[in-house]
Amino acid sequence: QVQLVESGGGLVQPGGSLRLSCAASGSIFSINAMGWYRQAPGKQRGLVASITSGGSTNYADAVKGRFTISRDNAKNTVYLQMNSLKPEDTAVYYCNAILSTYYSESARAYWGKGTLVTVSS
């Protein structure tokens, strides 16, 4: 069994900052990539940022220069530092991990339950 648990969401004023964390636990053999997705009301879930085990990163155009993804491989944890937040960043943020377990060598995607980020004055 694998769990992804997010933390760090909340209410912040425009221009403010938040840091999200996601810890993966369970019978994890290897984690390939981790990332963050978000889903705003009435919109589809989309990629915010991702990071490979080697540290290569990818960002959505809307967050480039404002958000930074990082990862602690020893802790199976991924972080998302969000600066200069805008009202349009309001969404539920979901953690994602592509990983294999001790029970299956085939890697697949796992998801957290999500954490709400609200940017409003």
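Strands, labelled E, are DSSP runs of at least two residues, numbered from the N terminus. With that term in place, I can say that leucine 116 belongs to strand E11. Colleagues, please keep in mind that this is a predicted model.

Let me stay with leucine 116 for a moment. Is this residue buried, or is it partly exposed? Its relative accessibility is 48%, and because the partly exposed class runs from 20% to 50%, leucine 116 is counted there. Setting aside residues within four places in sequence, leucine 116 is in contact with Gly9, Gly10, Ala91 and Val92. Leucine 116 and tyrosine 94 are 22 residues apart in sequence, and their C-alpha atoms are 8.9 Å apart in space.

I turn now to the disulfide. The structure holds one such bond. Which cysteines does the disulfide join? The partners are cysteine 22 and cysteine 95, with an S to S distance of 2.0 Å. The two cysteines come from distant parts of the chain: cysteine 22 sits in strand E3, residues 18–26, and cysteine 95 sits in strand E9, residues 91–101, 73 residues apart. The link is left-handed, with -80° about the S-S bond. As for accessibility, cysteine 22 is at 0% and therefore counts as buried. Cysteine 95, likewise at 0%, is also buried.

Strand E9 brings us to the nonpolar core. The largest nonpolar core has 31 residues, and those that touch the most other members are Trp36, Leu80, Met82 and Tyr93. Which elements give two or more residues to this core? They are strand E1 (2–7), E3, E4, E5, strand E7 (67–72), strand E8 (77–82), E9 and strand E11 (115–119). The largest share, five residues, comes from E9. One of the core residues just named, methionine 82, can be followed through its contacts. Not counting residues up to four places away in sequence, methionine 82 touches Gly16, Ser17, Leu18, Leu20, Arg66, Phe67, Tyr93 and Val117.

Strand E9 also holds serine 100. Serine 100 has a relative accessible area of 6%, and since the limit for buried is under 20%, this serine is classed as buried. Beyond its neighbours within four places in sequence, serine 100 is in contact with Ser27, Ile28, Phe29, Ser30, Glu105, Ser106 and Ala107.

Next, a serine and a threonine in other strands. Serine 50 is placed in strand E5. With neighbours within four places in sequence left aside, its contacts are Met34, Gly35, Ser56, Thr57, Asn58 and Ile69. Serine 50 and alanine 97 are 47 residues apart in sequence, while 9.2 Å separates them in space, C-alpha to C-alpha.

Threonine 68 lies in strand E7. Its relative accessible area is 42%, so threonine 68 is partly exposed. Again leaving out neighbours within four places in sequence, threonine 68 is in contact with Tyr59, Tyr79, Leu80 and Gln81. How far apart are the C-alpha atoms of threonine 68 and phenylalanine 29? They are separated by 26 Å, with the two positions 39 residues apart along the chain.

I come to the largest pocket. Rolling a probe the size of a water molecule over the atoms shows where empty space is left. In this model, the largest pocket contains about 190 Å³ of space. Its lining is made up of 15 residues, and Arg38, Ala40, Lys43, Gln44 and Glu88 lie nearest the centre. Strand E4 (28–39) and strand E5 (46–52) each supply at least two lining residues. E5 gives the most, with three. How do the lining residues divide by character? Seven are nonpolar, four are polar and four are charged.

Finally, two loop residues deserve attention for their backbone angles. Asparagine 76 is in the loop between E7 and E8. Its phi is near 50°, a positive value in a residue other than glycine. With a relative accessible area of 24%, asparagine 76 is partly exposed. Serine 84, in turn, occupies the loop between E8 and E9. This serine has a positive phi of about 50°, although it is not a glycine. At 40% relative accessibility, serine 84 counts as partly exposed.

To close, I return to the disulfide: cysteine 22 and cysteine 95 are joined, and cysteine 95 lies in strand E9, which gives the largest share of the largest nonpolar core. Thank you.

How values were computed
Residues are numbered from 1 along each chain as its sequence is written. This is a predicted model: local features need pLDDT of at least 70, side-chain atom pairs count only at pLDDT 80 or more; totals for chains, interfaces and linings use all residues. Side-chain values use heavy atoms; hydrogens and water are left out. A disulfide is a pair of cysteine sulfur atoms within 2.5 Å. Helices (H or I, at least four residues) and strands (E, at least two) are DSSP runs, numbered from the N terminus. Buried means under 20% relative accessible area, exposed over 50%, partly exposed in between (1.4 Å probe, protein chains only). On a 1 Å grid over the protein atoms alone, a cavity is a set of points where a 1.4 Å probe fits but cannot get out, and a pocket is an open set with protein on both sides within 12 Å along at least five of seven lines; lining residues have an atom within 4 Å of a point. Grid points are joined across faces, edges and corners, and a volume is the space filled by probe spheres set on the points. Ala, Val, Leu, Ile, Met, Phe, Trp, Tyr, Cys and Pro count as nonpolar, Asp, Glu, Lys and Arg as charged, and the others, Gly among them, as polar. Contact means heavy atoms within 4.5 Å. A nonpolar core is a set of buried Ala, Val, Leu, Ile, Met, Phe, Trp, Tyr and Cys residues joined through side-chain atoms within 4.5 Å.
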